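Opening the notebook on a new chain. I'll jot down what I look up as I go.

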Amino acid sequence: MAAAALLVLAAALIACAGSDAADGRQAGASAGHPRPVLRWTPGACVTRDYALTACNGGESEVVALAPDPPGPGDCPVDTDNVLRIGADRTACVRNFLEPHPGAPGGGGGLLRPGDCVTLNGREQACDRPGWYGKAIAIARDAASCPSRTLDTLDDDSRVICLGTGGQVLDRGACVARPVLEVISRSSVVRVPCDSRQAWAKVVSFERAPGDCPPSAQRYLRAEGAYRPVTCLDVLSK
């Protein structure tokens, strides 16, 4: 019986010692090791809701800090999103896993070649309908756009140079008949040439109506545009 009593007593003492040790560790952690302060710095991790978090639970990473708004080259080209984090400060963020909206055509991040844009110059994912054109370059002015540029859009102090795709007109493209004689660029609707809506086909782009070729019966003129005069061969009289 005495031996049994000693064994029980020993077990109780060990349990108490373990409890004291655990309490000591917790007290030491709270007193000597405070929770780290999260800061907006490169390498910091961000949640799905774009809040700072410990990196064992983050969805994306801060890859750079930049002014607000960021200028050309302030964020890496693979940035997925730009977050405003204070007065005149932004964080350039990239997701750990796909999808990557900052990839060309993804609809997010920084505007760059391969992205699709609406008429107001805002980026939109290329797999969504309604975008106007696809960027082939971002230039300081229209004169700096590549020779294959078909149209341009102004974006603050930059110009978006557009190539083929979307509603941007090219030689051989067909358009529906405009409702009004004086129209805006948004009213010119590109349609398949074999459709009933096809009214005219683009013959060429000129600086003045008098430069249109003899085969063009009509033209569209946009003052101040990258290609001021669109010469048309009317298909449906």
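These entries run from the whole chain to its sheets and a few strand pairs.

**Entry 1, whole chain.** First reminder to myself: this is a predicted model. I looked up the secondary structure and got one helix and 15 strands for the protein chain. Next I checked burial: of its 237 residues, 32% count as buried. The exposed surface of the protein chain comes to about 14,600 Å², and carbon and sulfur atoms supply 54% of that. For contacts with a separation of 6 or more, I find that 36% are between residues 24 or more positions apart.

**Entry 2, sheet with β1 to β5.** In what order do the five strands of this open sheet lie? I read off β2-β1-β3-β5-β4, with antiparallel pairing. β2 (52–53) and β4 (81–86) have a single partner strand each, so one side of each is left without a neighbour in the sheet. I then went to the β3/β5 pair: β3 covers residues 60–67, β5 covers residues 89–95, and seven bridges join them. Within that pair I spotted Pro 67 opposite Arg 89 in β5.

**Entry 3, sheet with β6 to β10.** Here I have another open sheet of five strands, ordered β7-β6-β8-β10-β9 and paired antiparallel. Which strands sit at its edges? I get β7 (123–124) and β9 (151–155), each pairing on one side only. Inside the sheet, I looked at β8 (residues 133–139) and β10 (residues 158–162): they run antiparallel, and four bridges join them. Ile 138 faces an isoleucine there, standing opposite Ile 160 in β10.

Terms used:
Residues are numbered from 1 along each chain as its sequence is written. This is a predicted model: local features need pLDDT of at least 70, side-chain atom pairs count only at pLDDT 80 or more; totals for chains, interfaces and linings use all residues. Side-chain values use heavy atoms; hydrogens and water are left out. Two strands pair if DSSP finds at least two bridges between them. Buried means under 20% relative accessible area, exposed over 50%, partly exposed in between (1.4 Å probe, protein chains only). Contact means heavy atoms within 4.5 Å. Accessible areas come from the Shrake-Rupley method with a 1.4 Å probe; for residues, only the protein chains shown count as cover.
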